[in-house]
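User: I would like to learn how to read the features of a protein model, one step at a time. Could we work through an example together?

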Amino acid sequence: MSGEPTFFEIGVDDPERGRAFYGSLLGWTFEPGTSEGGGFAITTDGVPGGMHGGDAGASPYLFFRVDDLDAAVARVRELGGTVEDGGDSEESAARFGRFKLCRDDQGSAFGLHELPK
């Protein structure tokens, strides 16, 4: 596990409005993503990201790189953290890699990201 940030995700109510806001503010470029109900893949000069809808007022999610997502998830649980259920679609995993939302042993949220193979 190398641990560097590899991906961020922004939740908004309306992805089209989010694209207009962040694109204008930060100069990011967007292309359609794989989220149901709309969403975008975000290109920046640094770390890539995504945007999904139906999540008004959400805090951004930061994902840390792991080499083996299954082993990292097991380690989170061993250390007293929790991992949300759910998985990535085959299309999303092939394009972006695999993701898991987690909480540490004090309840703070973070994400794990295994790059596409």
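User: Leaving aside its neighbours within four places in sequence, which residues is A93 in contact with?

Analyst: Please note at the outset that this is a predicted model. A contact is a matter of distance between heavy atoms, here within 4.5 Å. With the neighbours within four places in sequence set aside, A93 touches D88, R98 and P116. A93 itself belongs to helix α3, which spans residues 90-96.

User: How far apart are the C-alpha atoms of A93 and G23?

Analyst: A separation in space is read alongside the separation in sequence. A93 and G23 are 70 residues apart along the chain, and 25 Å lies between their C-alpha atoms. For scale, the C-alpha atoms of the protein occupy a box of roughly 40 × 30 × 25 Å along the principal axes.

User: How many helices and strands does the protein have, and in what order do the elements run?

Analyst: There are 3 helices and 8 strands. Starting at the N terminus, the elements follow the pattern β-α-β-β-β-β-α-β-α-β-β. The radius of gyration is 14 Å, close to the 13 Å from the globule rule for 117 residues, so the protein is as compact as a globular protein of that length.

User: What is the order of the strands in the sheet, and which strands stand at the edges?

Analyst: The order in a sheet is read from strand to neighbouring strand, and it need not follow the sequence. Here the 8 strands form an open sheet with mixed pairing, in the order β2-β3-β4-β1-β5-β8-β7-β6. The edge strands are β2 (29-32) and β6 (82-83); each has a single partner strand, so one side of each lacks a neighbour in the sheet.

User: In what sense, parallel or antiparallel, does β5 pair with β1, and in what sense with β8?

Analyst: The sense of a pair is read from the directions of its strands, and the register from the residues that stand opposite one another. β1 (residues 5-11) and β5 (residues 61-65) are antiparallel, with 4 bridges. In this pair P5 faces F64, and F8 has L62 as its bridge partner. β5 and β8, by contrast, pair in the parallel sense over 3 bridges, with F63 opposite G111 of β8. As a general point, side chains in a regular strand alternate between the two faces of the sheet.

User: How many bridges join β7 to β8, and how many join β6 to β7?

Analyst: β7 and β8 run antiparallel and are joined by 6 bridges; C102 is paired with F110 in β8. Their hairpin has 5 residues between the strands, and G107 there adopts a positive phi near 95°. β6 and β7 also run antiparallel, with 2 bridges between them, and T82 stands opposite R103 in β7.

User: Which strands do helices α1 and α2 lie across?

Analyst: A helix is placed by the strands it crosses and by the angle of its axis to one of them. Helix α1 (residues 15-26) lies across β1, β2, β3 (39-43) and β4 (49-52), and its angle to β4 is about 140°. Helix α2 (residues 69-78) lies across β6, β7 (98-103) and β8 (109-114), at about 5° to β7.

User: What is the volume of the second largest pocket, and which residues lie nearest its centre?

Analyst: A pocket is described by its volume and its lining. The second largest pocket has a volume of about 150 Å³. Its lining comprises 15 residues, with A72, V76, L79, F110 and L112 nearest the centre. β5, α2 and β8 are the elements that give two or more residues to this lining, and α2 gives the most, with 3 residues. By class, the lining holds 8 nonpolar, 2 polar and 5 charged residues.

Technical notes:
Residues are numbered from 1 along each chain as its sequence is written. This is a predicted model: local features need pLDDT of at least 70, side-chain atom pairs count only at pLDDT 80 or more; totals for chains, interfaces and linings use all residues. Side-chain values use heavy atoms; hydrogens and water are left out. Two strands pair if DSSP finds at least two bridges between them. Axes are lines fitted to C-alpha atoms, for helices over the stretch in contact, and angles run from 0 to 180 degrees between N-to-C directions. On a 1 Å grid over the protein atoms alone, a cavity is a set of points where a 1.4 Å probe fits but cannot get out, and a pocket is an open set with protein on both sides within 12 Å along at least five of seven lines; lining residues have an atom within 4 Å of a point. Grid points are joined across faces, edges and corners, and a volume is the space filled by probe spheres set on the points. Ala, Val, Leu, Ile, Met, Phe, Trp, Tyr, Cys and Pro count as nonpolar, Asp, Glu, Lys and Arg as charged, and the others, Gly among them, as polar. The radius of gyration is taken over C-alpha atoms; the globule rule is 2.2 Å times the number of residues to the power 0.38.
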